[in-house]
Structures are given as C-alpha cells and as structure tokens.
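Here are some exercises to work through with the model open beside you. Try each task on your own, then follow the solution step by step.

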Amino acid sequence: MNTAKQNSPVLIAYHVTENNNKTYWSRIGAAWPNKKGGFQVKLETLPVNGELVLLPPKAQGENEGPA
C-alpha cells in the first residue's frame, strides 16, 4: 500500500455549487504529497462543472468548506 494513503491527506477536494444564493461545499476526495513534489489525488466522484477546490483539512470537529 502507498505510504501516502496511510497518512492524513494534506488537501481536501471539494465540489462547490451555488443554488438560491446559497453555496454548498461537497467533499469529493483528498490529496497527499508524492515523492516528486506533486500530489496524489483520490476522487470519489467528479464535479459536473469540471471545477474543484483543494483546501487544507479543517481541525477535527470543524465544518466542511471554508470559514
């Protein structure tokens, strides 16, 4: 197993949508650094608008998405 997957991710992937003047953040994956200076990204779904946002993980107990 890849050692990167054994550690906590350094970035969380979100799909962001707006509806009725509200913004919704859906967690769709995560990213871990790799040995070449890039990232290994694991997505559980793909955003339909082709756009995703990568943010550092929140501390345990905080809500998903930005502050």
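**Exercise 1. Start in the loop: is Asn21 buried or exposed, and what is notable about the sign of its phi?**

Solution. Asn21 is exposed, with a relative accessible area of 82%; the cut-offs are under 20% for buried, over 50% for exposed and partly exposed in between, using a 1.4 Å probe and protein chains only. Next, place the residue: Asn21 sits in the loop between S1 and S2. Then check the backbone: its phi is positive, about 60 degrees, although Asn21 is not a glycine. As background, most residues other than glycine have a negative phi. Now look at Asn20, which lies in the loop between S1 and S2. Asn20 has a positive phi of about 55 degrees and is exposed at 68% relative accessible area.

Before going on, a word on the ground rules. This is a predicted model, in which local features need pLDDT of at least 70 and side-chain atom pairs count only at pLDDT 80 or more, while totals for chains, interfaces and linings use all residues. Residues are numbered from 1 along each chain as its sequence is written, and side-chain values use heavy atoms, with hydrogens and water left out.

**Exercise 2. Work out the fold: how many helices and strands does the chain have, and in what order do the strands form the sheet?**

Solution. Count the elements to get one helix and four strands; these are DSSP runs numbered from the N terminus, with helices being H or I of at least four residues and strands E of at least two. Reading along the sequence gives α-β-β-β-β. Now arrange the strands: they form an open antiparallel sheet in the order S3-S2-S1-S4, where pairing requires at least two DSSP bridges between two strands. Strand S3 (39-43) and strand S4 (53-55) each have a single partner strand, so one side of each has no neighbour in the sheet. On average, neighbouring strands are turned by 40 degrees against each other, direction ignored; the axes are lines fitted to C-alpha atoms, for helices over the stretch in contact, and angles run from 0 to 180 degrees between N-to-C directions. Finally, S1 and S2 pair in the antiparallel sense over nine bridges.

**Exercise 3. Find the aromatic pair and classify it: which rings take part, and at what angle do their planes stand?**

Solution. Begin with the rule: rings of Phe, Tyr and Trp (its six-membered ring) pair if their centres lie within 6.5 Å, and planes under 30 degrees apart are stacked, over 60 edge-to-face and the rest tilted. This rule yields one aromatic pair. Tyr14 and Trp25 have ring centres 5.6 Å apart and planes at 80 degrees, so the pair is edge-to-face. It joins distant parts of the chain, with Tyr14 in strand S1 (residues 11-19) and Trp25 in strand S2 (residues 22-33), eleven residues apart. Compare the exposure: Tyr14 is buried at 2% relative accessible area, whereas Trp25 is partly exposed at 28%. Across the strands, Tyr14 stands opposite Arg27 in S2.

**Exercise 4. Describe the surroundings of Gly29: which residues does Gly29 touch, not counting residues up to four places away in sequence?**

Solution. Locate Gly29 in strand S2, where Gly29 is buried with a relative accessible area of 7%. With contact meaning heavy atoms within 4.5 Å, and residues up to four places away in sequence not counted, Gly29 touches Ile12, Ala13, Lys42 and Leu43. As a distance check, the C-alpha atoms of Gly29 and Leu11 are 8.8 Å apart, although 18 residues separate them along the chain.
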